[in-house]
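Student: I would like to take a close look at a single part of this protein. Could you walk me through it step by step?

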Amino acid sequence: KVKSVKMRTPLNSSSLDLEARGELMFGKDKVEFQSFTVAGRVSELAVSGYVTELSAEPSVQARLTAQAAVSQWLPRFSSGQAVADFALEGPVKNVQVYGTLNLVEAVLFNAPMSLQSAVTYSTATLRIDSLDGKWNGAPVTAKAQFGPEKIFAKLDCKDLPLKTFLKIGQSPASGRISANLTASGTRKSPKLSGSLHITDFELAGRKMSFSSRGLSAGPDSVSLLLASKDKAYTIALQMTGGKSDWFLRNFSLNLSDGTALKVSGKARKETGEISGTVAAESVPAGLVGEFVKVVGRFKALLSFNGKLLGTLTAPVMEGALTAREVFLSEKDQESGVAVPVGDFSAQMSWGKSLFKLDKASVGGQYAGDFKYWSKPVSKLWASVTAQDANHKIFFAFMNTAPDVSGTLNGKIEIAHKKDPDLSQKEPAWEGSGELKLTQGTWS
């Protein structure tokens with residue numbers, strides 16, 4: 001009898017404490033397990049059965065049940081239990097395993113998931129005979145077979161909300177995605193093909209629906225084309241892999257109103273370091289405003305030409321940003337007419353947590369530099385020179401709208417922190433300089 005044996009085993013560079021309990025019976029040519037249990041802090045494995053013919057060709061007849069916290073093995077899951085119930089039969093050299101493996105009350109990307117599957121293992125081949133479940137309310141089904149060399153898998157998912165795993169800036173993406181995917185080939189050279197359908201996806205105030213006209217992926221290539229029925233909207237992706245680099249041959253987005261984005265470049269496989277070029281035309285300021293809120297306070301079509309650098313996890317775009325005929329998003333309260341700003345130009349740098357404009361010129365009225373940080377805290381900084389300038393443009397950058405009118409002149413450096421630590425008397429606004437409001441009123 002094993003009443004209590006504690007042990008420690010390494011797992012993912014940490015330690016896993018285990019405790020074993022149960023009964024083992026040893027015979028001349030047989031070992032029998034009676035409710036033998038190995039338990040950890042958030043997992044448990046129980047085995048009952050026997051192994052015979054120890055002196056010749058060992059054979060097993062057993063039942064194995066287990067449950068474990070999914071997050072212990074798959075950190076992307078924030079909660080949930082994996083529950084298994086398997087029977088083991090036949091020679092140890094070629095044991096047959098069959099049973100069920102289920103996912104219960106799991107949460108992946110903050111969305112509930114439940115799965116039920118029937119699994120078989122025989123002659124070095126693992127088969128998922130059936131898999132059914134739901135992820136964030138969307139039905140998911142799958143079948144698969146993984147042999148010593150060849151593989152095959154089929155996955156179907158219908159109407160999964162895009163917000164489950166995709167954000168546009170700080171906002172969850174709208175729309176739903178359906179997928180029919182097939183994996184085939186060999187373990188060394190797997191291939192992926194299938195179709196994607198995206199419905200009611202909203203981008204910069206436009207609702208769009210896409211279907212894939214081509215989807216294929218292999219060890220060294222990825223190709224995807226998404227297009228609307230009338231081809232008014234298209235998204236294309238083509239990548240190839242070399243010995244040490246991934247090459248982005250083309251990523252392009254084209255909308256019917258002239259909005260266009262094209263990216264090309266390469267990424268080092270070992271380090272993730274990237275380099276490439278980015279070109280964009282007629283991009284609505286509202287789209288950029290999903291990522292950098294201050295830009296969304298203006299109405300304009302932006303153009304960009306520059307380079308892509310940084311890493312895959314922290315990319316940076318640098319280059320020239322321009323716009324013609326810019327207006328404020330909010331109309332003038334008295335006249336009800338959009339407030340003209342004029343033309344805009346700047347040198348832009350946009351990274352994971354920093355958006356920066358250097359040598360910015362706004363309507364020939366303002367010049368200066370601007371920075372916006374989204375992490376670790378949200379804050380902005382600006383150094384501005386105003387010459388006979390419309391005051392409403394300045395206050396739009398500062399995200400405020402005092403009831404004043406007039407003409408601004410002068411120079412000021414100013415900073416704003418969204419959530420200051422008031423207990424430490426940290427100010428929300430600080431800065432220095434001199435601005436003169438002439439021919440103005442305050443009501």
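Student: How much space lies in the second largest cavity, and what is found around it?

Tutor: Happy to! Keep in mind that this is a predicted model. The second largest cavity holds about 160 Å³ of space. Its lining is made of 15 residues, and those closest to its centre are A360, V362, F370, V384 and F397. Try finding these five in the picture before reading on.

Next, let us see which parts of the chain build this lining. The elements that each give two or more residues to it are β25, β26 (366-373), β27 (379-390) and α3 (391-397). Among these, β26 gives the largest share, with five residues. As for the character of the lining, twelve residues are nonpolar, two are polar and one is charged.

Now follow the strands themselves. β25 and β26 run antiparallel and are joined by seven bridges. One place to look is K356, whose bridge partner in β26 is K371. Between β25 and β26 there are three residues, and the two strands form a hairpin. In that turn, G363 has a positive phi of about 60°.

β26 also pairs with β27, again in the antiparallel sense, this time over eight bridges. Here D369 stands opposite S383 in β27. These two strands form a hairpin as well, with five residues between them. In other words, β26 pairs with β25 and also with β27, and you have already met β26 as the source of five lining residues.

After the strands comes the helix. H391 is found in α3, one of the elements that give two or more residues to the lining. Is H391 buried or exposed? H391 counts as buried because its relative accessible area is 4%, and the cut-off for that word is under 20%. Leaving out residues up to four places away in sequence, H391 touches Y366, V404, S405, G406, L408 and L437. One of these contacts, Y366, belongs to β26, which covers residues 366-373.

To put this cavity in context, look at the rest of the model too. A search of the whole structure finds two cavities of 30 Å³ or more. The largest cavity has a volume of about 190 Å³, while the second largest has about 160 Å³. The largest cavity is lined by 15 residues, and V295, F298, L302, F344 and F397 lie nearest its centre. Did you spot a familiar name? F397 is listed among the residues nearest the centre of the largest cavity and also among those closest to the centre of the second largest cavity.

β25 is shared in a similar way. At least two residues of the lining of the largest cavity come from each of β22 (298-310), β23 (315-331), β24 (338-350) and β25 (354-362), and β25 also gives two or more residues to the lining of the second largest cavity. The make-up of the linings is worth setting side by side. Around the largest cavity there are 15 nonpolar residues, with no polar and no charged ones. The lining of the second largest cavity, by contrast, includes two polar residues and one charged residue beside its twelve nonpolar ones.

Technical notes
Residues are numbered from 1 along each chain as its sequence is written. This is a predicted model: local features need pLDDT of at least 70, side-chain atom pairs count only at pLDDT 80 or more; totals for chains, interfaces and linings use all residues. Side-chain values use heavy atoms; hydrogens and water are left out. On a 1 Å grid over the protein atoms alone, a cavity is a set of points where a 1.4 Å probe fits but cannot get out, and a pocket is an open set with protein on both sides within 12 Å along at least five of seven lines; lining residues have an atom within 4 Å of a point. Grid points are joined across faces, edges and corners, and a volume is the space filled by probe spheres set on the points. Helices (H or I, at least four residues) and strands (E, at least two) are DSSP runs, numbered from the N terminus. Ala, Val, Leu, Ile, Met, Phe, Trp, Tyr, Cys and Pro count as nonpolar, Asp, Glu, Lys and Arg as charged, and the others, Gly among them, as polar. Buried means under 20% relative accessible area, exposed over 50%, partly exposed in between (1.4 Å probe, protein chains only). Contact means heavy atoms within 4.5 Å. Two strands pair if DSSP finds at least two bridges between them.
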